[in-house]
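Student: Could you take one part of this structure and go through it closely, step by step, and then follow it outward into its surroundings? I would like a connected account rather than a list.

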Amino acid sequence: MKLIEDNQLRLSHVVANNKMNRQRQLTGVNSYAKEIGINIFEFLSNRIETGEETVLWLDICCGEGKALIECAQLLKETDYEKQVIIIGLDLVSMFEAYPRKDLSNLKLLECAIELWETDRQFDLITCVHGLHYVGDKLGVIKKIAALLKPTGKLVGHIDLNNLKNNLGKPIDKCIKDSWKSMGWVYNSKSHLLKIDGRSDWKHVGVYQGADDTAGPNYTGQEAVNSYYKLDG
């Protein structure tokens with residue numbers, strides 16, 4: 001099997017043309033609330049009410065940014081917008097139009113999470129079905145876990161079936177064991193990884209490359225397999 005590097009992967013039709021998160025809303029049937037079980041507006045509002053001076057939400061693979069725009073508008077209506085910063089990242093800048101002057105606390109950026117740099121720490125980091133299209137999935141998880149505030153929360157989908165060793169064998173057990181040792185929670189049924197508090201994780205192997213011909217995963221959409229040479 002010929003693996004491809006991340007700069008090639010980002011040009012793949014599987015990655016650049018995915019449909020999983022384009023128009024997802026904040027609440028309702030096709031929403032962040034349904035997919036990750038968090039009412040994000042309430043989560044951010046509660047942070048303010050419990051004394052956080054500035055509350056930050058980072059959403060990775062935000063699609064059109066509809067949910068982020070909705071949340072920013074709700075925060076403005078409740079006079080919380082000056083205390084909350086919302087950042088959305090996506091490979092493709094097909095963002096829904098929004099009043100930038102009125103929602104100055106919202107930033108939608110065309111950038112891969114692997115390449116994005118920040119010195120901020122976040123109260124909430126979400127990635128709704130986005131890691132399915134990332135090459136170095138474990139490297140991204142390591143990176144964003146370190147971007148949390150000590151009291152922050154990370155919630156994102158990951159299908160462990162899309163993670164292989166350099167021989168093409170599953171590595172789900174060693175990953176789950178490693179996450180358990182960190183106190184992280186992974187739900188195999190919902191495919192949700194939940195992390196509470198900033199973490200410095202030494203993940204299980206060295207990234208070798210990706211395969212964008214893996215076919216559909218549990219979502220029914222084409223996904224990307226990621227390959228690692230395991231430590232030891």
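Tutor: Let us begin where helix α4 and helix α5 meet, a crossing that is right-handed, and let us keep in mind throughout that the model is predicted. Helix α4 covers residues 40-49 and helix α5 covers residues 66-77, and the two pack at an angle of about 45 degrees with their axes 10 Å apart. Since angles under 35 degrees count as roughly parallel and those from 65 to 115 as roughly perpendicular, α4 and α5 are therefore oblique to each other. On the α4 side, the residues taking part are Ile-40, Phe-41, Leu-44 and Ser-45, and they meet Cys-71, Leu-74 and Leu-75 of α5. Sorted by class, this contact of α4 with α5 contains 6 nonpolar residues and 1 polar residue, with no charged residues.

From α5 we can move on to the strands, for α5 also lies across β1, β2 and β3, and with respect to β2 it runs at about 170 degrees. Strand β2, spanning residues 84-90, has 6 of its 7 residues buried, so it is largely enclosed by the rest of the structure. Strand β1 (residues 55-60) runs parallel to β2 and is joined to it by 6 bridges; one of the pairings puts Asp-59 opposite its bridge partner Gly-88 in β2.

Within β2, Ile-87 deserves a closer look. Its relative accessibility is 6%, and because buried means under 20%, Ile-87 counts as buried. Setting aside residues up to four places away in sequence, Ile-87 touches Trp-57, Leu-58, Asp-59, Leu-68, Lys-107, Leu-109, Trp-116, Arg-120 and Phe-122. Ile-87 and Gly-65 are 22 residues apart along the chain, and their C-alpha atoms are separated by 9.6 Å.

The strands just described belong to an open sheet of 7 strands with mixed pairing, in the order β3-β2-β1-β4-β5-β8-β7. At its edges stand β3 (106-110) and β7 (185-187), each of which has a single partner strand, so one side of each is left without a neighbour in the sheet. On average, and with direction ignored, neighbouring strands of this sheet are turned by 10 degrees against each other.

At the β7 edge, the partner is strand β8 (residues 192-196), which runs antiparallel to β7 and is joined to it by 3 bridges; here Asn-187 stands opposite Leu-192 of β8. The loop between β7 and β8 holds His-191, which has a positive phi of about 65 degrees although it is not a glycine. With a relative accessibility of 12%, His-191 counts as buried.

A second histidine can be described in similar terms. His-129, in the loop between β4 (122-127) and α6, is not a glycine either, yet it has a positive phi of about 60 degrees, and at 5% relative accessibility it counts as buried. Helix α6, residues 137-145, is itself mostly covered, with 7 of its 9 residues buried, namely Lys-137, Leu-138, Gly-139, Val-140, Ile-141, Ile-144 and Ala-145.

Key. Residues are numbered from 1 along each chain as its sequence is written. This is a predicted model: local features need pLDDT of at least 70, side-chain atom pairs count only at pLDDT 80 or more; totals for chains, interfaces and linings use all residues. Side-chain values use heavy atoms; hydrogens and water are left out. Buried means under 20% relative accessible area, exposed over 50%, partly exposed in between (1.4 Å probe, protein chains only). Helices (H or I, at least four residues) and strands (E, at least two) are DSSP runs, numbered from the N terminus. Axes are lines fitted to C-alpha atoms, for helices over the stretch in contact, and angles run from 0 to 180 degrees between N-to-C directions. Angles under 35 degrees count as roughly parallel, over 145 as roughly antiparallel, 65 to 115 as roughly perpendicular and the rest as oblique. A crossing is left-handed if the near helix is turned anticlockwise from the far one by less than a right angle, and right-handed if clockwise. Contact means heavy atoms within 4.5 Å. Ala, Val, Leu, Ile, Met, Phe, Trp, Tyr, Cys and Pro count as nonpolar, Asp, Glu, Lys and Arg as charged, and the others, Gly among them, as polar. Two strands pair if DSSP finds at least two bridges between them.
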